[in-house]
Amino acid sequence: MDDEYQKLIRRMNPPRVVIDNESCKNATVIQVDSANKQGILLEVVQILTDLNLMITKAYICSDGGWFMDVFNVTDHEGNKITDEGILDYIEKSLGPDSCFASSMRRSVGVKSESNHTAIELTGTDRPGLLSEVSAVLAHLKCNVVNAEVWTHNTRAAAVMQVTDETTGGPIADQERLTMVKRLLCNVLKGSNKSREAKTVVSHGSTHTERRLHQMMFDDRDYERMDGDDDSSERPSVNVVNWNDKDYSVVTIRCKDRPKLLFDIVCTLTDMQYVVFHGNVEAQGPEAYQEYCIRHIDGSPVKSDAERQRVVQCLEAAIQRRVSEGLKLELCTTDRVGLLSDVTRIFRENSLTVTRAEVTTRAGKAVNTFYVRDASGYPVDPKIIDSIRQTIGQTILRVKGTPEESIQAPQESPTRFLFGGLFKSRSFCNFGLVRSYS
């Protein structure tokens with residue numbers, strides 16, 4: 001009944017997308033108006049993020065039954081979006097011909113794939129872990145065609161898409177799949193018996209980055225380790241209650257980077273919070289974001305324990321994708337065992353992989369690795385030169401320098417972003433906002 005009602009509302013009020021390349025000097029302005037529904041904000045942000053667009057400013061309003069967002073977007077070089085193919089895709093994906101408001105499955109960004117087997121892994125991070133996982137897959141004649149690996153707070157998560165070496169398609173043999181799960185679970189457990197390791201194999205559909213956030217959240221990577229009291233390395237996240245409006249106000253200040261807005265909205269959605277108002281602004285290297293939220297049950301944050309959990313989960317969401325280490329890019333003809341061979345060479349040279357993206361395009365492997373010295377020291381350029389000679393100077397390229405990989409983020413003063421909307425007054429200045437801190 002609810003689904004039929006939503007369809008009726010949609011027919012009466014079809015989504016509207018306006019793309020404006022004239023009103024703003026340095027960005028393309030995209031306005032989306034639609035009937036409101038849980039998960040719609042994440043869907044819109046994800047469509048823009050999956051196009052590799054940089055969201056420099058955003059205004060979010062979804063109070064009542066209507067949803068209205070305005071995004072200022074650029075490409076990675078800071079230019080307006082002029083590609084007619086991309087602009088047409090945005091209009092079709094978010095406009096009246098789209099189906100994002102009528103399907104919760106689509107609203108979380110599921111991508112349908114049927115030509116591979118998906119493997120999801122979570123466990124305790126350690127030097128050489130990716131090398132061991134990829135060696136097991138190579139031994140079982142599984143070719144890794146796509147993969148993304150994140151590490152954070154001693155935990156590791158990966159979503160890997162593999163094919164059968166013989167058929168080039170998904171792995172159909174159930175006994176073989178059982179063996180894959182068993183062996184990978186043994187690798188993930190290692191010698192650490194205090195934390196659980198998980199291996200899930202499926203032929204279903206998934207959105208990789210959304211799943212990685214969910215997997216690490218379920219693995220409680222947001223829980224701070226004993227003795228981890230250094231707040232200088234964490235992003236600034238603050239939660240206060242605006243009692244007059246029954247909102248909780250989340251303010252975030254951190255170093256700007258691609259996909260930051262997606263990571264935050266994704267986590268709030270997974271924690272079952274609804275964003276009613278929001279303002280996002282990136283100025284130079286810094287990002288400032290502020291949201292009015294309520295839990296899906298209609299209540300603001302109720303306790304200090306809940307506030308601390310929101311803060312820690314958002315900190316983790318921001319930090320998971322931060323790429324620590326030296327960036328290496330590999331491009332060569334794909335083959336079974338390639339990932340195993342490359343990561344073995346890293347391990348043998350005392351490098352640990354902190355993040356990895358593995359893709360295959362038209363038979364070519366295009367992989368990105370972020371590596372650090374396993375002992376915690378800066379990466380030795382001589383070791384990198386030796387590795388490049390082993391793998392191939394033209395196959396493995398260095399992006400940036402070892403010195404750049406250990407630079408600390410800059411600091412920035414705290415401020416609220418709804419100044420223009422509320423005449424330069426933060427929510428705290430209304431006198432009815434209670435802070436738990």
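These are my notebook entries on a few helices, a strand residue and the cysteines of this structure.

**Entry 1: the model.** I am working with a predicted model, so I keep in mind that local features need pLDDT of at least 70.

**Entry 2: helix α8.** I began with the helix that spans residues 260–270. How many of the 11 residues of α8 are buried? I found 10 of them buried, so α8 is largely enclosed by the rest of the structure. I noted the names as well: L260, L261, F262, D263, I264, V265, C266, T267, L268 and T269. I then stepped past the end of α8 and came to Q272, which has a positive phi, near 65°.

**Entry 3: α8 and its partner α7.** Next I looked up how α7, residues 208–218, sits against α8. Their axes come within 10 Å and cross at roughly 55°. That angle makes α7 oblique to α8, because it lies outside the ranges for roughly parallel, antiparallel or perpendicular. I also checked the hand, and α7 passes α8 in a right-handed crossing.

Which residues meet there? On the α7 side I listed E209, R210, H213 and Q214. On the α8 side I listed F262, D263, C266, T267, T269 and D270. Sorted by character, the residues of this contact come to two nonpolar, four polar and four charged.

**Entry 4: the cysteines.** I met C266 in the contact with α7, and I wanted to know whether cysteines pair up here. How many disulfides are there? The count comes to zero, going by cysteine sulfur atoms within 2.5 Å. I looked at burial too. C266 has a relative accessible area of 0%, so it counts as buried, the cut-off being under 20%. C24 is also buried, with a relative accessible area of 14%.

**Entry 5: helix α10.** I moved on to α10, residues 338–348. Its buried residues are L338, L339, S340, V342, T343, I345 and F346. After α10 I reached S350, where phi is positive, near 60°.

**Entry 6: T122.** My last stop was a single residue, T122, which I found in strand β5, residues 117–124. Is T122 buried or exposed? Its relative accessibility is 6%, so I put T122 down as buried. What does T122 touch, leaving aside its neighbours within four places in sequence? I wrote down A156, A157, L188, E196, A197, K198 and M215.

Notes
Residues numbered from 1 in each chain as written. Predicted model: local features only at pLDDT ≥ 70, side-chain atom pairs only at ≥ 80, totals over all residues. Heavy atoms only, no water. Buried < 20%, exposed > 50% of the residue type's maximum accessible area, 1.4 Å probe, protein only. Helix = DSSP H or I, 4+ residues; strand = E, 2+ residues; numbered from the N terminus. Axes fitted to C-alpha atoms, helices over the stretch in contact; angles between N-to-C directions. Parallel < 35°, antiparallel > 145°, perpendicular 65-115°, else oblique. Left-handed = near helix turned anticlockwise from the far one by under 90°. Contact = heavy atoms within 4.5 Å. Nonpolar A, V, L, I, M, F, W, Y, C, P; charged D, E, K, R; others polar.
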